[in-house]
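Trainee: Please take a close look with me at one part of this model, the aromatic rings and what sits against them. I am new to it, so a slow, connected account would suit me well.

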Amino acid sequence: MPARSLTSADREALAARLLEVRRSTEQLCEPLVTDDYLLQSMPDCSPPKWHLAHTTWFFETFILAPFEPNYRPHHSLFSFLFNSYYEAVGERWPRPARGLLSRPTVEEVFCYRKRVTERMTTLFQEANVATWEAILPVLDLGINHEQQHQELLLTDLKHAFGLNPLLPAYQSGTISGGGVDTSLRWEEYPAEIRWIGHMGSEFAFDNESPRNRVFVESFRIASRLVTAGEYLAFVDDGGYDRPEFWLSDGWAAQKQKGWAAPLYWNLADQTLFTLRGPQPLDPREPVCHISYYEADAFARWAGARLPTEVEWETAASGREVAGNFLDSGRLHPAPDAGGGQFFGDVWEWTASPYTPYPGYRPVAGALGEYNGKFMCNQMVLRGGSCVTPRGHVRPTYRNFFPPDARWQFSGLRLAKDGPA
């Protein structure tokens, strides 16, 4: 996150962007009733109320505490209740028990958000140039952090609603089809040395750097995502009962957890659960809510493989970052409209473990815990999803999840080796 000089117009634009992102988070909560704010369906998910409070805690802890004159915490225990995983900041409430926090109330959490936002606005108006220069990288990170939690809020809420026998809808209405019939083509890339990773003064997370050179063998990558119809053929062919397609850990996971189809699929009536409740399974839309293990097994069944993250970034670079994002309001993957869907719709599993780039060093202090300490036992996903904010994505963005994670909006694109 390189430093950059700031004009008064830059300051105003940043303050306006902060307010816009904060409002967007709260707008996502408008369809909720009070009882929804405490839902926590598993330890990996968090209640909506916690997301609202944690993103506020982030700004209070990393901007107000070090930079606000005569700083006093909003509440003496909020640092304990709403810290996520920052060991350097102090003790925290256990993650699996976030849904037990009936207090503070929803109203008190919204009051907390309002007050911290007001205090930041005042700080920005009064800060001198040196303070602004110090605040800038943390503010950029905080805004992007809140956008991550906008996506997580919807992803976590969908998981909770999907476990409810009533199958409640977050939003009303049906999901329109759209798209065009696109046959799969193979795009070829020659073997050569390529640069990957972030470069420039615009914001990027620290795990996207340093920019580095990698030799990439020739490869082919699919012109579009794998569809639900194609994945259904894998299911119908007994894919979940054929160990020859599965990694050992994946075979054990799917047997232990009883996987027989993607999360939220109902094979009996060919429907799937969405944020608009149950909907007919559209065979043209991208398959979604599958683990890395399932993506890898499908690729083997299809006579292909998953792309590495270097191959994915090679193919995605130079394309316009456009597609079906949170901003579209669809909140569900859409059939391909002919653009290849490299961005939006579903996060794409890659074959790459989440490890640091050569020369990577975490930033100093507690914020160094943001990404670096998770570089173990996770796989990289690329491209964003239908609940990712549009302005949050770029070709170098590296998302990461454990290989058995399914509640994220995750799918796949196939790849093959290139000509010898």
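Mentor: A charge sits over a ring if NZ of Lys or CZ of Arg is within 6 Å of the ring centre and within 35 degrees of the ring normal. Arg413 is placed in this way over the face of Phe342, at 3.7 Å from the ring centre, and Arg98 lies over the face of Trp50, at 3.6 Å from the centre of that ring. The model is predicted, with local features needing pLDDT of at least 70 and side-chain atom pairs pLDDT 80 or more, while totals for chains, interfaces and linings use all residues. Residues are numbered from 1 along each chain as its sequence is written, and side-chain values use heavy atoms, without hydrogens and water.

Turning to rings beside rings, a search of the whole structure finds 37 aromatic pairs (Phe, Tyr or the six-membered ring of Trp, centres within 6.5 Å; stacked under 30 degrees between planes, edge-to-face over 60, otherwise tilted). Tyr85 and Tyr86 have ring centres 4.8 Å apart and planes at 25 degrees, so this pair is stacked. Tyr86, at 0% relative accessibility, is buried (under 20%; exposed is over 50%, partly exposed in between, with a 1.4 Å probe and protein chains only), whereas Tyr85, at 24%, is partly exposed. Tyr85 also forms an edge-to-face pair with Phe374, 4.8 Å centre to centre with 85 degrees between the planes. This pair links distant parts of the chain, 289 residues apart, since Tyr85 belongs to the loop between α3 and α4 and Phe374 to the loop between β8 (347-353) and β9 (379-382), where helices (H or I, at least four residues) and strands (E, at least two) are DSSP runs numbered from the N terminus. Phe374 is itself partly exposed, at 22% relative accessibility.
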